[in-house]
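Me: Could you walk me through a few residues in this structure, starting at the surface and then going inside?

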Amino acid sequence: MTVAPPLEVPERHRLGSPGLRRVNLALFAAGLTTFMSLYCTQALLPELSESFGVSPARSSLLVSLATGAVAIAVVPVSSLSERYGRTRVMIVSSVAAALVGLLIPLCGSFTALAAVRAAQGLALAGVPAVAMAYLADEVHGGHLGGAMGRYVAGTGIGGVLGRLVPGLVTDVAGWRWALAATGFLALAFTIAFWLLLPPSRFFRPSRVDYRPLLAHLRDPGLRRLYLIALTAMAGFVTVYNFLTYRLLDAPFHLPYAVVSLIAVTNVAGSAASARAGLLADRAGRRKVLVGSLVLAACGLCLTLPAVLPLVGAGLLVFTVGFFGTHAVASGWVGRRAPTARAQASALYLFAYYLGSSVGGTAGGVAYEHGRWTGTALYVLVLLGVALPAAAGMRTVRWVGHDRP
């Protein structure tokens, strides 16, 4: 009688493995297309204010409606991924968002543009809602921080391209061609993501159940991470929404193409996010999280004087601090939640994009009443709320092992 060989048990992706390299490339492309699409109007807010005759605060709705739609959709979409699979939800979401994005240059009114941006946000929700849970499922725990950092790095580069490409093309061909170029580039990255993404090997379908959401909200550590996501992202979007207005205005009077280059600081943020994830794996998450928030606050203070080199240096430091914060906090959610990780990550992203939507619009009110000084003070208050939440994080014992 022949004995059947034992079934080979798949191993989670580890650093240096071909599987993890594909995962990193695919999720990097996903971060690129998601943030390119989400923030493609951000660099153009002054141009769109003038074109449609709306105020800075109202123009910022073109960012806030998209991120607000993501916030609304992210929890139900993450729950669907528990039933229908991580990869299926991410691919359908990214393709739908890329196709909707091609409609943006065709809009003839501010109302139509706002409606398409909201629809694009709804379509986009599946990628950020599921990506962190996919990584937590498929990547070995000892290498999860680095993988999460590289995904966040992709979102940072996407933020660069989403601001840089429209800003540069606008000076040559106008905002419609600028957004068309961005839409086609996002579609190309979406196709790359689709082709590269390895199938889930550890995902097990489960019934859609919202009870785990209440369990996650009862966890004080997760609540702290959600508060950090909300406040840090509100501050980040506020800075990038309204620093453009400041640099176009007196005393700087910079050309549009030059102002769009502020997005390049996101490259440093992307590098910092990958580094912060690795550092958190080695030195401890709380230390890196607190240090990143302090760094962001110090950078913001440097932007207060009307001295261009200081503004540039301050924006760079602020961006590095923000991306370090997001990389560590988002990765911590996946490690802390014992079950229903997609929903735990979705709650984090709900807070994150709610901060972008509501906090970014509130930043417009701060700018209209207090110009840049009032805006910076508003963001410092937000960081001041996040800092004690980060300092209060603790390692929790969970069923016989550390739940950091």
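Reply: We can take a charged patch and then two helix residues in turn. The model is predicted, so local features need pLDDT of at least 70 and side-chain atom pairs pLDDT 80 or more, while totals for chains, interfaces and linings use all residues. Residues are numbered from 1 along each chain as its sequence is written, and side-chain values use heavy atoms, with hydrogens and water left out.

Me: Which residues form the positive surface patch?
Reply: R223, R224, R286, K287 and R394 form it; patch residues have over 30% relative accessible area and no salt bridge (a side-chain nitrogen of Lys or Arg within 4 Å of a carboxyl oxygen of Asp or Glu), and like charges are joined within 9 Å.

Me: Which helices each supply at least two residues of the positive patch?
Reply: Those are α11 (220-248) and α14 (285-302), where helices are DSSP runs of H or I with at least four residues.

Me: Is K287 buried or exposed?
Reply: K287, which sits in α14, is exposed, because its relative accessible area is 65% and exposed means over 50%, buried under 20% and partly exposed in between, with a 1.4 Å probe and protein chains only.

Me: OK, switching to T375: where is it, and what does it touch?
Reply: T375 belongs to helix α16 (residues 341-391) and is buried, with a relative accessible area of 0%. Leaving aside residues up to four places away in sequence, T375 touches T238, G363, A366 and Y367, a contact being heavy atoms within 4.5 Å.

Me: And how is L278 placed, in which helix?
Reply: L278 is in α13 (residues 265-283) and counts as partly exposed at 27% relative accessibility.

Terms used: Patches are made of residues with over 30% relative accessible area and no salt bridge: like charges are joined within 9 Å, nonpolar side chains (Val, Leu, Ile, Met, Phe, Trp, Tyr) within 5 Å. Accessible areas come from the Shrake-Rupley method with a 1.4 Å probe; for residues, only the protein chains shown count as cover. Lys and Arg count as positive and Asp and Glu as negative; His and the chain ends are not counted. The place of a charge is taken as NZ of Lys, CZ of Arg, CG of Asp or CD of Glu.
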